[in-house]
Amino acid sequence: MNTAFQKELVNSLETLKQGGTLLYPTDTVWGIGCDATNFDAINKIYELKRRSESKSMICLVSDFKMLNQYVEDVPEVAYDILKYAVKPTTIIYDRPIRVAENLVAADDTLAIRVVREGFAHQLIKKLRKPLVSTSANISGESTPKSFKEINEEILKGVDYVVNLPNVKSGTKPSAIIKLSNDGKVQVIRK
């Protein structure tokens, strides 16, 4: 890991531990994030995005072990889907646990993606908690495809901007699949 990357990890970690919000590169697009267990930090993101709290956000974890710590009962099929997925895949799970209640949808579900590499993966491993991830835009505006497209209001509104503008983030959001504990599988976004 180079020193700039390392420095950004340290600064991001400090921001998250103090209840702050970040603009950071995920495995898909640039995202706004915070500690997924911090109610107030999550509220800051809803306010910044001018997003209704009924529209829940995605949560990122570093591996299957962490996934199991934040979902009461991970359906077996989830492991197969994630093992064979060819692109970043977010799964909506029933009965999330140990995250802030304002992150959980009204139907007691939470969208979680296992991030396997890159800046977000390293950050989650160091934080040892899931990270909120929502696209870096005001609700209703299009998702920025690169750092340069991020709205000034978002850049000024977060507590810390990860200074790795050239880190290759993807340009497309993840696939989203809803897995209900009753065995129902529903593709929300391909």
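**Close-up 1. Strand 5 sits under cover in this predicted model.** Strand 5 spans residues 109-114, and 6 of its 6 residues are buried, so mostly covered is a fair label given that buried means under 20% relative accessible area. In a regular strand, side chains take turns between the two faces of the sheet. Look at one side of strand 5 and you find Thr109, Ala111 and Arg113; flip to the other and there are Leu110, Ile112 and Val114, all of them buried. Yes, that list of buried residues includes Arg113.

**Close-up 2. Strand 5 pairs with strand 3 and with strand 4.** Strand 3 (residues 58-61) runs parallel to strand 5, with 4 bridges between them. To get your bearings on that pairing, find Ile58, which stands opposite Ala111 of strand 5. Strand 4 is antiparallel to strand 5, and 5 bridges join the two. Here the residue to look for is Ile91, whose bridge partner in strand 5 is Ile112.

**Close-up 3. Strand 8 is another buried strand.** Strand 8 takes in residues 175-179, and 5 of its 5 residues are buried, so the rest of the structure largely encloses this strand. Ala175, Ile177 and Leu179 point one way, while Ile176 and Lys178 point the other way. Every one of these side chains counts as buried, Lys178 included.

**Close-up 4. Lys178 has a partner in strand 4 and another in strand 9.** Strand 4 (residues 89-94) pairs with strand 8 in the parallel sense over 5 bridges, and Ile92 is the residue standing opposite Lys178. Strand 9 (residues 185-189) pairs with strand 8 in the antiparallel sense, this time over 4 bridges. In strand 9, Gln186 is the bridge partner of Lys178. Strands 8 and 9 make a hairpin with 5 residues between the strands, and in that hairpin Gly183 takes a positive phi near 95°.

**Close-up 5. Helix 1 crosses helix 5.** The axes of these two helices come within 10 Å and cross at roughly 50°. That angle makes helix 1 oblique to helix 5, and the crossing is right-handed. Plenty of side chains to pick out here: from helix 1, the contact residues include Phe5, Leu9, Leu13 and Leu16, and from helix 5 they include Phe119, Leu123 and Leu127. Polar and charged residues join in too, among them Gln6, Glu8 and Lys17 of helix 1, plus Gln122 and Lys126 of helix 5.

**Close-up 6. Phe5 and Phe119 form one of 3 aromatic pairs.** The ring centres of Phe5 and Phe119 lie 5.5 Å apart with 80° between the planes, which makes the pair edge-to-face. Phe5 belongs to helix 1 (residues 3-17) and Phe119 to helix 5 (residues 118-127), so this pair ties together parts that are 114 residues apart in sequence. Buried or exposed? For Phe5, 16% relative accessibility counts as buried. Phe119, at 3%, counts as buried as well.

**Close-up 7. Phe64 and Tyr79 meet edge-to-face.** Their ring centres are 5.1 Å apart and their planes sit at 85°. Phe64 is in helix 3 (residues 64-70) and Tyr79 in helix 4 (residues 76-84), so the pair links parts 15 residues apart in sequence. Phe64 comes out as partly exposed at 30% relative accessibility, whereas Tyr79, at 18%, counts as buried.

Conventions. Residues numbered from 1 in each chain as written. Predicted model: local features only at pLDDT ≥ 70, side-chain atom pairs only at ≥ 80, totals over all residues. Heavy atoms only, no water. Phe/Tyr/Trp six-rings, centres within 6.5 Å; stacked < 30°, edge-to-face > 60°. Buried < 20%, exposed > 50% of the residue type's maximum accessible area, 1.4 Å probe, protein only. Pairing = 2+ DSSP bridges. Axes fitted to C-alpha atoms, helices over the stretch in contact; angles between N-to-C directions. Parallel < 35°, antiparallel > 145°, perpendicular 65-115°, else oblique. Left-handed = near helix turned anticlockwise from the far one by under 90°. Contact = heavy atoms within 4.5 Å.
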